[in-house]
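Reader: I would like to go through a structure with you, one topic at a time. Could you show it to me before we start?
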Amino acid sequence: MRTVSQYRLRELLGRGASSEVYAAEHASYGDVAVKLLRPELAEDAASVEAMVEEGARVRAIDHPNVVRVLDVGLDAAGCYLVMERVHGEPLAARLRREGRLPEAEVRRIGAELAEGVAAAHARGIIHRDLKPANVMLDGARPKIVDFGI
């Protein structure tokens, strides 16, 4: 089993252009998600700096509609960002599966996302890629993820 810092990685949850996200375990935090900078970017100082900045800034947001960042750092495996594990699915997957959502649900999700975005803006953080793929549905609650600062 691969380890990053104090986190035991399990299965791959997702892969983007610059990172991979794994389910992981930690002795104190329990079940978490670990975002790792892709190996080909690990030597790129700007990529490392951007991920560390994303972690540090998003960590300052305390809102139920924004994924909580628990830790950020560098180790032999590279640059990593640790977040709460959201057990659900991306809004994009739900939309592909169900198509249009009922208007009342769209309004509720939109209002909650607006509150999360407002909490980020209050900290001077702008989500540059807010889209259904970057919204996780944790039960009925939407959570904004992957700020990609």
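Author: The conversation below takes up a sheet, the cavities and a salt bridge. Please note that this is a predicted model.

Reader: Let us start with the sheet. What is the strand order in the open sheet of 3 strands?
Author: The order is β7-β8-β9, and the pairing is antiparallel.

Reader: Which are the edge strands?
Author: They are β7, residues 89–90, and β9, residues 141–144; each of them pairs on one side only.

Reader: How many bridges join β7 and β8?
Author: There are 2 bridges between β7 and β8, the latter covering residues 135–138, and the two strands run in the antiparallel sense. As for individual residues, Glu89 has Leu137 of β8 as its bridge partner.

Reader: Which helix packs on that sheet, and which strands does the helix touch?
Author: Helix α3, residues 103–122, packs there and touches β8 and β9. The direction of α3 makes about 35° with that of β9.

Reader: Changing topic to internal space. How many cavities of 30 Å³ or more are there?
Author: The structure holds 2 of them. The largest cavity encloses about 40 Å³, and the second largest has a volume of about 30 Å³.

Reader: Which residues line the largest cavity?
Author: Its lining consists of Glu54, Val58, Val67, Val69, Leu81, Met83, Val145, Asp146 and Phe147. The elements that contribute two or more residues to this lining are α1 (45–59) and β6 (78–84).

Reader: How does the lining of the largest cavity divide by class?
Author: It comprises 7 nonpolar and 2 charged residues, with no polar ones.

Reader: And what lines the second largest cavity?
Author: That lining is made up of Val117, Ala120, His121, Ile125, Ile126, His127 and Phe147. By class, 5 of these residues are nonpolar, 2 are polar and none is charged. Phe147 is listed for the largest cavity and for the second largest one.

Reader: One last topic, electrostatics. How many salt bridges does the count come to?
Author: The count comes to 19. One of the pairs is Arg94 with Glu105, whose closest N and O atoms are 2.5 Å apart.

Reader: Which parts does that pair tie together?
Author: Arg94 lies in helix α2, residues 91–98, and Glu105 lies in helix α3, so the salt bridge ties together parts that are 11 residues apart in sequence. Helix α3 is also the helix that packs on the sheet, touching β8 and β9.

Conventions: Residues numbered from 1 in each chain as written. Predicted model: local features only at pLDDT ≥ 70, side-chain atom pairs only at ≥ 80, totals over all residues. Heavy atoms only, no water. Pairing = 2+ DSSP bridges. Helix = DSSP H or I, 4+ residues; strand = E, 2+ residues; numbered from the N terminus. Contact = heavy atoms within 4.5 Å. Axes fitted to C-alpha atoms, helices over the stretch in contact; angles between N-to-C directions. 1 Å grid on protein atoms, 1.4 Å probe; cavity = no way out; pocket = protein on both sides within 12 Å on 5 of 7 lines; lining within 4 Å. Points joined across faces, edges and corners; volume = space filled by probe spheres on them. Nonpolar A, V, L, I, M, F, W, Y, C, P; charged D, E, K, R; others polar. Salt bridge = Lys/Arg side-chain N within 4 Å of Asp/Glu carboxyl O.
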